Amino acid sequence: MVVSPKIAPSMLSSDFANLAAEANRMIDLGANWLHMDIMDGYTLTALPLDSFLLPSYRHFVPNLTIGAPVIESLRKHTNAYLDCHLMVTNPMDYVEHMAKAGASGFTFHVEVAKENWQQLVEKIKSAGMRPAVALKPGTPVELVYPLVEGTTPVEMVLVMTVEPGFGGQKFMPNMMGKVRALRHKYPTLDIQVDGGLGPSTIDTAAAAGANCIVAGSSVFGAPKPGDVISLLRTSVEKAQPTT
Ligand code: DX5
Ligand code: ZN
């Protein structure tokens, strides 16, 4: 196999009041990673005063979920890989907190790291986490090429297949062009898809070349979440070139 499947249930769809039990249940059912959606970064760094008039500068997504304290609590109950997806306006401010809390992977958005991405990736790596970059549906894929080819490269690209902010949205098949372009250019790169993945959409994503699969509502909403996890894995395996 060229790239291995990594199935990551999105804990956003879990019962947050029972997070540790939910996390361990997913790992016992065969999940490789736990996807943690950290949302809404009220920026800690000073921005020009007038930029605060624009809501998009203050908040990356219109939802508020969890932060480093929750990662830290969860870390005490599991050794699993915590795949942290930061939908925040200033990811640089969160690197240290997330590393201390026990995050394994740190995925930031390219839309908010245009100038300082190299410094950010180095900071994530030296803090002991695996750096990755995400892009929103409206963002052209070419923007992440320099990050994959940088001197300190990102180790995964997350292609959003819904607008970031909420679980349970509809998969956007027109994002598959980005996945195909990335897979064509980088045969061994970890490519993650996030949003609307489940039994009815996985084959499209796997055929395009995605190997890291985030799935929230389709896993947690299923009568047998373990069956969905296995189905997602099998689909990625089947789509792999046999050489
Ligand atoms: C959306 C999040 C996703 C979300 C996926 O902003 O990044 O991880 O939880 O949920 P589903 O699989 O339900 O679309
Ligand atoms: Zn996510």
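Which residues does the UniProt annotation "binding site" (unreviewed entry) cover around His-85? Select His-35, Asp-37, His-85 and Asp-194: these are the residues under that annotation. They are spread over 160 residues of sequence, yet they cluster in space, with a largest C-alpha distance of 10.6 Å. Keep in mind as you go that this is a predicted model.

**Stop 1: the zinc ion**

Now show ligand 2, the zinc ion, together with its protein donors: His-35 through NE2, Asp-37 through OD, His-85 through ND1 and Asp-194 through OD. These donors lie 2.1 to 2.3 Å from the ion. If you label the angles at the metal, the six donor atoms subtend 70 to 168 degrees, which makes the arrangement octahedral. For six octahedral donors, the ideal angles are 90 or 180 degrees. Along the chain, the donors of this zinc ion follow the spacing H-x1-D-x47-H-x108-D. One pair here links distant parts of the chain: Asp-37 in strand S2 (residues 33-39) and His-85 in strand S3, 48 residues apart.

**Stop 2: Asp-37 and His-85 up close**

Centre on Asp-37 first. Is this residue buried or exposed? Asp-37 counts as buried because its relative accessibility is 7%. Leaving out residues up to four places away in sequence, Asp-37 touches Ser-10, Leu-12, Thr-65, Ile-66, His-85, Met-87 and Asp-194.

Next, move to His-85 in strand S3, which spans residues 81-87. With a relative accessibility of 0%, His-85 counts as buried too. Its contacts, again without residues up to four places away in sequence, include His-35, Asp-37 and Asp-194, as well as Thr-107, His-109 and Met-160.

**Stop 3: the pocket**

Turn on your pocket display and pick the second largest pocket. Of the four residues you began with, its lining includes Asp-37, His-85 and Asp-194. UniProt also places a "binding site" feature (unreviewed entry) at Ser-10, His-85, Gly-165, Phe-166, Gly-167, Gly-168, Gly-196, Gly-216 and Ser-217. The lining of the second largest pocket takes in Ser-10, His-85, Gly-165, Phe-166, Gly-167, Gly-168, Gly-196, Gly-216 and Ser-217 from that set. Click on Gly-167, in the loop between strand S6 (156-160) and helix H7 (176-185). Gly-167 has 46% relative accessibility and therefore counts as partly exposed.

**Stop 4: along helix H7**

Follow the chain into helix H7 and select Arg-183. You may like to check its accessibility: at 15%, Arg-183 counts as buried. Show its neighbours and, setting aside residues up to four places away in sequence, you will find that Arg-183 touches Val-3, Thr-188, Leu-189, Ile-191, Ala-208, Gly-209 and Asn-211. Try a distance label between Arg-183 and Asn-211: they are 28 residues apart in sequence and 9.8 Å apart in space, C-alpha to C-alpha.

**Stop 5: the two faces of helix H5**

For the last stop, select helix H5, residues 117-126, and colour Trp-117, Leu-120, Val-121 and Ile-124, which are buried. Look down the axis: these residues cover an arc of only 100 degrees, which puts them on the same side of H5. What do the buried residues of H5 pack against? Their partners are helix H4 (95-101), strand S4 (105-109), strand S5 (130-135) and helix H6 (145-148). Rotate to the face turned away from the buried side, and you meet the exposed residues Gln-119 and Ser-126. Just after H5, Gly-128 takes a positive phi of about 90 degrees.

Note on methods:
Residues numbered from 1 in each chain as written. Chains lettered and ligands numbered in written order. Predicted model: local features only at pLDDT ≥ 70, side-chain atom pairs only at ≥ 80, totals over all residues. Heavy atoms only, no water. UniProt positions renumbered as here; feature names shortened; annotations may be inferred. 1 Å grid on protein atoms, 1.4 Å probe; cavity = no way out; pocket = protein on both sides within 12 Å on 5 of 7 lines; lining within 4 Å. Helix = DSSP H or I, 4+ residues; strand = E, 2+ residues; numbered from the N terminus. Buried < 20%, exposed > 50% of the residue type's maximum accessible area, 1.4 Å probe, protein only. Contact = heavy atoms within 4.5 Å. Donors = N, O, S within 2.8 Å, 3.2 Å for Na, K, Ca; no water. Tetrahedral: all angles 85-135°; square planar, octahedral: opposite > 155°, others 65-115°. Arc of directions from axis to C-beta.
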